Every structure is written in structure tokens, then in C-alpha cells.
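Got your viewer open? Let's take a walk through this protein, one selection at a time.

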Amino acid sequence: MQPQSTTSSDEATQEEGPEPTVFLVDDHEVELDLMQRWCQRAGLATQTFDDPLRLLESLDVDAVGCVVADLRMPRISGLELQAEMAKRDLIVPVVLVTGHGDAENCRTAFQQGVFDFIEKGFDSVQFIDSVERAIRKNQRERFRHQVRRDARSLLETVSKREREVVMLLANGMPLKGIAHELKISVQTASKHRSSIFTKLHIDNEVDLYKLLLAAEVSLEDAPTE
């Protein structure tokens, strides 16, 4: 079965970024068709795959939405699919469905980072609820990743010496302390701070602290790093 796509024709509120897609993976065509119909009724775009390896060929790091995969499939299992996605830095959440659920599989799934684990026999309400929660999680993660990328991109504009000053400023060190620490004059330390604020489009140390938090930079990093 080749990947199939459907997009709801319902008018929806436009959000920034690409439209979320539910990537359905199951080697049973009947199960695929049922889950796809449920998604269509909920206004969700879908792509279906009867082979998880085909999904891996199609999925890229910019994908938005979630993956719903059968736990037990002939070539690789749903757990193996999720593990391979993690290796490839694919952050799309995975919902595993199975008719053979047990406590060990459930525990392994959550430890591995699977978003949800539900047994077949679930109804459309339970299914769509899990899918929509997974999509919202993915959208939040994408936003956080974008904020982090933007913040890190800004930080890359400062020089190595300015990076040293950045870390000292963020840790609350005054200019005199920075001058002493780096063996430079207070005037030079002040010029570095002004240059940093200009390059990073910030006005003060509080803004700098927030930028480092957004970039997920540890304030305990060595100044020379």
C-alpha cells in the first residue's frame, strides 16, 4: 500500500507552521481504514503506511503531528520504529496501539519515550483524544525548539571574548569583576557589554539571562566554552 494523504476541507483557524498530519502505520488494512476515517471526521490530515520502514523513508525532521503505529508488525515493531525515530531526531510523538497489550510492553513504551499506549478495542473518542493530545505536545515542542534555535543563532554572533563576558554578566558579575576576571580594563569590559547588547538585540542583563534560558545554555558553563 502506498502512502495516502487526506486533508480536511473544513475551515479551521490558521496557525503558524505546517498543518499537522497523523501518520498511521499498521499492516492490517482494515485497521488503517478505520483509524483514517476517525481522523477524517475529526478534521485531521492523514498519511497511511502498511510498512513502518516506508514511514521512515517519508518522515523528516520538519514533520508536524503524530505517529500512530501498531505495536506488532512483521518487519519492525512499533517500539523499534519509535527507537529509530529517536535516533534520527524525529520529535513527532508516537502513539502505540495493540491487541496484545501487557504491563511490560506498556512500561517499556513509556520508558522509551512513547507518548501513549492504548489497546485495540478503543473507541473513536479515546483514539482522537490521544491523537490530539500528541499533536498539541508536538506543536509545543516545535515552538520550544524554534525558540531555542533562534536564541542560539543570536548567540553565535558574539565573539569568543564576548561569550566570556556573556557568561559572567549572566552570573551577575559587575563590570569591575569582569575586568578583573578577564584581565582587561573596565572600559574594555563596558565596550564588550555594549557590543553584546547590540548584537543580541537586548537592553539589559535580565534580557540576556532570558535569552540564555531560551537557548538552554547552562549558566555554569565555563566562560571560555
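The tour goes from the whole chain to one helix, then to the cores and the salt bridges.

**Before you click**

This is a predicted model, in which local features need pLDDT of at least 70 and side-chain atom pairs count only at pLDDT 80 or more, while totals for chains, interfaces and linings use all residues. Residues are numbered from 1 along each chain as its sequence is written, and side-chain values use heavy atoms, with hydrogens and water left out.

**Stop 1: the whole chain**

Show the cartoon first. You're looking at nine helices and six strands; these are DSSP runs numbered from the N terminus (helices: H or I, at least four residues; strands: E, at least two). Out of 225 residues, 41% are buried. Here, buried means under 20% relative accessible area, exposed means over 50%, and partly exposed is in between (1.4 Å probe, protein chains only). Of the contacts with a separation of 6 or more, 68% are between residues 24 or more positions apart, where a contact means heavy atoms within 4.5 Å.

**Stop 2: helix H7**

Select residues 175-182, which make up helix H7. Which of its residues are buried? They are Leu175, Ile178, Ala179 and Leu182. Look down the axis of H7: the buried residues fall within an arc of 100° (taken from the directions from the helix axis to the C-beta atoms), so they line one face of the helix. Now spin to the other side, where Lys176 and His180 are exposed. Add helix H6 (160-170) and helix H8 (186-200) to your selection, since both are included in what covers the buried residues of H7. Just after H7, click on Lys183, which has a positive phi of about 60°.

**Stop 3: the nonpolar cores**

A nonpolar core is a set of buried Ala, Val, Leu, Ile, Met, Phe, Trp, Tyr and Cys residues joined through side-chain atoms within 4.5 Å. In soluble globular proteins, nonpolar side chains tend to be buried together. The largest core here has 24 residues, and Leu155, Ile178, Leu200, Leu208 and Leu212 touch the most other members. Helix H5 (124-155), H6, H7, H8 and helix H9 (205-214) each bring at least two residues to this core, with H6 giving the most, six.

Zoom in on Leu155. Leaving out residues up to four places away in sequence, Leu155 touches Arg163, Leu200, Leu211, Leu212, Ala215 and Val217. Apart from this core lies another one, of 22 residues, including Leu71, Ile76, Leu96 and Ala109.

**Stop 4: salt bridges**

How many salt bridges does a search of the whole structure find? The search turns up 11, each being a side-chain nitrogen of Lys or Arg within 4 Å of a carboxyl oxygen of Asp or Glu.

- Select Arg75 and Asp51: their closest N and O atoms are 2.5 Å apart. Arg75 sits in the loop between strand S4 (65-70) and helix H3 (78-87), and Asp51 in the loop between strand S3 (45-49) and helix H2 (52-58). Arg75 counts as exposed at 56% relative accessibility, while Asp51 counts as buried at 9%.
- Next, pick Glu216 and Arg148, with closest N and O atoms 3.2 Å apart. This pair links the segment after H9 with helix H5, 68 residues apart.
- Then try Arg193 and Glu205, at 3.3 Å. Arg193 lies in H8 and Glu205 in H9, so the pair ties together parts 12 residues apart in sequence.

Last selection: Asp116, Asp129 and Arg133, which are linked in a network of salt bridges.
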